[in-house]
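Welcome to this guided tour. Open the model in your viewer, keep the selection tool ready, and follow along stop by stop.

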There are 2 protein chains.
Amino acid sequence: MKDNLELLKSYQLKITPQRIAIVEELASHGHLSIEDLYQGLLERFPTISLATVYKNINAMEEKAFVQEVKIPEQKSKYELTKANHAHVVCQECKKVEDVVVSTKVILDEVKDVSHYQIDRDDLVFTGLCPECVVRQSA
Amino acid sequence: MKDNLELLKSYQLKITPQRIAIVEELASHGHLSIEDLYQGLLERFPTISLATVYKNINAMEEKAFVQEVKIPEQKSKYELTKANHAHVVCQECKKVEDVVVSTKVILDEVKDVSHYQIDRDDLVFTGLCPECVVRQSA
DNA sequence: ACTTAAAGGAAAATAATTATCTTCTGCATA
DNA sequence: TATGCAGAAGATAATTATTTTCCTTTAAGT
Ligand SMILES: [Mn+2]
Ligand SMILES: [Mn+2]
Ligand SMILES: [Zn+2]
Ligand SMILES: [Zn+2]
């Protein structure tokens with residue numbers, strides 16, 4: 001927790017109760033949409049404005065403190081920036097999880113085939129989570 | 001060209017001049033946003049409605065005739081559905097290109113690590129295209 | 001405590017998407 | 001080839017999403 005606030009500060013983002021709450025929500029729930037965040041914060045800040053959520057997420061994204069995650073068929077999710085990782089999405093229960101995989105092989109192939117210089121990768125794998133797999137076969 | 005119209009028909013999509021134009025735009029330009037499409041069609045159909053573009057793209061997506069491609073920092077692009085492939089995006093000139101790479105290795109690793117059953121992958125690699133690389137170092 | 005730049009909140013402004021309704025047309029059928 | 005009709009186009013309104021404005025409040029440095 002402390003780390004995140006320090007980090008916020010280091011990114012020239014003024015520490016406010018609303019921002020602390022946003023960081024806590026993201027830290028504890030992981031991948032949240034704007035609406036998710038707003039609903040979560042409403043409980044703690046009954047008067048918070050949706051514009052505040054947008055403004056803060058945009059500011060934090062600007063400073064690369066949070067990152068947008070675009071997922072097929074879903075609203076964008078936001079998460080605290082962390083080491084590069086891929087995502088798995090369950091098309092049944094909609095949950096989104098991090099997955100750390102080695103990208104060297106595919107990155108090399110992409111560079112080789114495309115002749116692009118690659119600085120970033122966004123990898124999303126969609127399917128069924130273990131729970132929904134069993135539920136489906138039942 | 002003919003193929004696409006046959007395909008449209010096979011997807012129970014009625015053939016109209018506007019739809020033919022949408023397919024042609026997508027076939028010749030590849031990855032287009034709603035706005036791109038609208039602007040392109042406006043030249044041929046000065047009275048076309050933006051709603052018509054939305055409705056058609058949605059209908060075609062519904063039938064899996066076209067696919068949405070979500071790209072970081074950009075509006076969604078649409079393309080004619082084709083064999084699964086990844087995308088490279090130039091952060092400088094914004095162009096989007098297809099790239100065919102082998103996904104078996106990474107797919108196996110994702111399945112292994114996450115225990116998800118994976119049905120689909122959306123891979124976007126962002127960087128600099130060959131032209132923008134040289135331009136940048138100049 | 002004082003000062004000030006920045007942040008919050010409410011509301012307005014924009015942008016994006018969808019819905020409704022009327023007119024038109026692709027296309028199946030006689 | 002003529003006819004009927006489901007579905008598509010166009011115009012517009014309505015929703016929904018996102019951003020901006022404006023004024024008040026507050027974090028944080030002095
Ligand atoms: Mn993540
Ligand atoms: Mn493509
Ligand atoms: Zn699931
Ligand atoms: Zn380029």
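A contact here means heavy atoms within 4.5 Å. Among contacts in chain A between residues at least 6 apart in sequence, 47% join residues at least 24 apart.

Before you select anything, a word on the ground rules. This is a predicted model, in which local features need pLDDT of at least 70 and side-chain atom pairs count only at pLDDT 80 or more, while totals for chains, interfaces and linings use all residues. Residues are numbered from 1 along each chain as its sequence is written, chains are lettered from A and ligands numbered from 1 in the order in which they are written, and side-chain values use heavy atoms, with hydrogens and water left out.

**Stop 1: chain A as a whole**

Select chain A and show it as a cartoon. You should find six helices and five strands; these are DSSP runs numbered from the N terminus, with helices being H or I of at least four residues and strands E of at least two. Followed along the sequence, the pattern reads α-α-α-α-β-β-β-β-α-β-α. The C-alpha trace of chain A spans about 50 × 45 × 25 Å along its principal axes. How much of chain A is made up of buried residues? Buried residues account for 43% of its 138 residues, where buried means under 20% relative accessible area, exposed means over 50%, and partly exposed is in between (1.4 Å probe, protein chains only).

Now pick A:Asp3, which is found in helix 1 (residues 2-10) of chain A. A:Asp3 is exposed, with a relative accessible area of 64%. Draw a distance from its C-alpha atom to that of A:Leu37: the two are 34 residues apart along the chain and separated by 21 Å.

**Stop 2: the zinc ion**

Select ligand 3, a zinc ion, and show its surroundings. Its protein donors are A:Cys90, A:Cys93, A:Cys129 and A:Cys132, each through SG, lying 2.2 to 2.3 Å from the ion. Donors are N, O and S atoms within 2.8 Å of the metal (3.2 Å for Na, K and Ca); water is not among the atoms, so sites may look incomplete. Along the chain these donors follow the spacing C-x2-C-x35-C-x2-C.

Why is the arrangement called tetrahedral? The four donor atoms subtend angles of 103 to 115° around the zinc ion, which makes it tetrahedral; four donors count as such if all angles lie between 85 and 135 degrees. Color two of the cysteines by accessibility: A:Cys90 is buried at 0%, whereas A:Cys93 is partly exposed at 37%.

**Stop 3: DNA strand C**

Select DNA strand C and the residues near it, meaning those with a heavy atom within 4 Å. Of the 18 residues around strand C, the nearest are A:Thr16, A:Arg19, A:Lys55, B:Tyr54 and B:Lys75. Of the strand C atoms within 4 Å of the protein, 77% belong to sugar or phosphate and the rest to bases.

Zoom in on the polar contacts, which are pairs of N or O atoms within 3.5 Å (within protein, one must be able to donate a hydrogen and the other to accept it, and residues adjacent in sequence count only if both atoms are side-chain atoms). A phosphate oxygen of strand C is 2.9 Å from a side-chain N or O atom of A:Thr16. Another stop is B:Ile15, where a polar backbone atom is 3.0 Å from a phosphate oxygen of strand C.

**Stop 4: DNA strand D**

Move to DNA strand D. Which residues come nearest to it? Of the 19 around it, they are A:Ile15, A:Tyr54, A:Lys75, B:Gln18 and B:Thr47. Sugar and phosphate account for 74% of the strand D atoms that come within 4 Å of the protein.

A polar side-chain atom of B:Gln18 lies 2.9 Å from a sugar or linking oxygen of strand D. For B:Arg19, a polar side-chain atom lies 3.1 Å from a phosphate oxygen of strand D.

**Stop 5: chain B**

Finish with helix 3 of chain B, residues 34-44, where B:Ile34, B:Leu37, B:Tyr38, B:Gly40 and B:Leu41 are buried. Last, select B:Gln12, in the loop between helix 1 (2-10) and helix 2 of chain B. Its phi is near 60°, a positive value in a residue other than glycine.

Technical notes:
Tetrahedral: all angles 85-135°; square planar, octahedral: opposite > 155°, others 65-115°.
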